[in-house]
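Reader: Teach me to read side-chain contacts and helix faces from coordinates. Keep it brisk.

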Amino acid sequence: MGSKISPLIVLLYSVFFLQCFPTTEGHIKHGKNWNSNHLRLPANQDNTNSDKKLDDDHISLISQKNPELSVFFYYNTLKVGKKLPIYFPTKDPSTSPHLLSRQESDSIPFSTSQFPYILKFFSFSETSKQAIAMRKTLHHCEFPPIKGETKFCATSLESMLDSVRGIFGSNSKFRLFNTNYLSDSMLSPLQNYTVIETPNEILARKIVACHMLPYPYAVFYCHSQESDNKLYKVLLEGEDGGRAEAAAICHMDTSQWDPHHVAFRIMKTVPGASPVCHFFPADNLVWIPLS
């Protein structure tokens, strides 16, 4: 999907992304200086607000060992006044993974077959938590797409843009859509949020969703599903008073989904739990074509 894109588009998106995700200039020359904080490990039960009762019946379906799964909700609950338990992780830009340039990315192997070299480059032991998370990311990127899905893992801004354009069409124009935190800080990553305005549906004929995976530098798993999807912008207010303009998607038809898909496994315990809906954390990206 390496379609050529115009230099102007690359420049505009590069300026935007470099403001949001600082580059890793210098890291490539000093592999042993990578800080383990650059590797986002999956959340665990220790950083949940376990003492506070969270509303909504579907909380029983969420793994208490992984609060990051508290982003799913039922389609008919997306209405003004509804209270939903949602996990919106807080991030420190100084310790978040950074996007590499294509040149830097291409100089570092990214495959399970080269895993020993990768660990040596980043100075992580094979039994470390970082190594375990990195191996899972590589397996996730190498796993075949499910039926009707187009997927790729982007390790640089340029590769992401090339692949997105390959999905939308060589002459297409597209824009970024994601979750924005409207408050400086949230007291608790996992808390109840109330829908305070009628959700705004964003019309898009096709959607490419990109999810950041744990790795020493920014790696995005991106996919586009051939099914009826609805994309929404939802204004939420948390119990701590913080607000978020959240991106949410509802997959209206899950009949062709792989039964091992994480969302399918979570929702299947409820009869007729389709469509499957979920919010996007702020470090997830959603690309939509311009009409």
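Reader: Is E201 buried, partly exposed or exposed, and what is its relative accessibility?

Author: This is a predicted model. Burial is read from relative accessible area, and partly exposed covers the range between under 20% and over 50%. E201 has 33% relative accessibility, so E201 counts as partly exposed.

Reader: Which side chain does E201 meet in a salt bridge?

Author: Look for a Lys or Arg nitrogen within 4 Å of an Asp or Glu carboxyl oxygen. Here K230 and E201 form a salt bridge, at 3.6 Å from N to O. K230 sits in strand β10 (residues 229-238) and E201 in strand β7 (residues 200-202), so the bridge ties together parts 29 residues apart in sequence. K230 is partly exposed too, at 22%.

Reader: How many salt bridges does the count give?

Author: The count is 3 salt bridges. One of them joins D162 and R102, at 2.7 Å from N to O. D162 belongs to helix α5 (residues 157-168) and R102 to helix α2 (residues 102-106), so this pair ties together parts 60 residues apart in sequence. Check each end separately. D162 is buried at 11%. R102 is partly exposed at 30%.

Reader: Which residue forms a salt bridge with E237?

Author: R243 does, with the closest N and O atoms 3.0 Å apart. E237 is partly exposed at 28%. R243 is partly exposed at 35%.

Reader: Now helices. Why would buried residues share a face?

Author: An α-helix has 3.6 residues a turn, so residues three or four places apart point the same way. Now the case. Buried residues in α4 are Q130, A131, A133, M134, T137, L138 and C141. Seen down the axis of α4, the buried residues fall within an arc of 165°, so they line one face of the helix.

Reader: Which exposed residues does the face turned away from the buried side of α4 carry?

Author: K129 and K136. The cover on the buried residues of α4 includes α3 (115-122), β3 (149-154), β8 (208-213) and β9 (219-225).

Reader: What end-to-end span should α4 have?

Author: Compare expected span with the C-alpha distance. Helix α4 (residues 129-142) has 14 residues and should span 20 Å at 1.5 Å a residue. The end C-alpha atoms of α4 are 20 Å apart, which agrees.

Reader: How many aromatic pairs are there?

Author: The count is 12 aromatic pairs. Read the centre distance, then the angle between planes. F88 and Y193 are edge-to-face, with 5.3 Å centre to centre and 75° between the planes. F88 lies in the loop between β2 (83-87) and α2, and Y193 in strand β6 (residues 190-195), so the pair ties together parts 105 residues apart in sequence. Both F88 and Y193 are buried.

Reader: What is the geometry of the pair F88 and F279?

Author: Edge-to-face, with 6.3 Å centre to centre and 75° between the planes. F279 is in strand β12 (residues 276-280), 191 residues from F88, so read this pair as a link between distant parts of the chain. F88 is buried at 0%. F279 is buried at 1%.

Reader: Which residues form one aromatic cluster?

Author: F110, Y117, F121, F122, Y215 and Y217. F121 also has a C-alpha 8.7 Å from that of I108, 13 residues apart in sequence. I108 is in the loop between α2 and α3. I108 counts as buried, at 5% relative accessibility.

Definitions and conventions: Residues numbered from 1 in each chain as written. Predicted model: local features only at pLDDT ≥ 70, side-chain atom pairs only at ≥ 80, totals over all residues. Heavy atoms only, no water. Helix = DSSP H or I, 4+ residues; strand = E, 2+ residues; numbered from the N terminus. Buried < 20%, exposed > 50% of the residue type's maximum accessible area, 1.4 Å probe, protein only. Expected span 1.5 Å × (residues − 1). Arc of directions from axis to C-beta. Contact = heavy atoms within 4.5 Å. Phe/Tyr/Trp six-rings, centres within 6.5 Å; stacked < 30°, edge-to-face > 60°.
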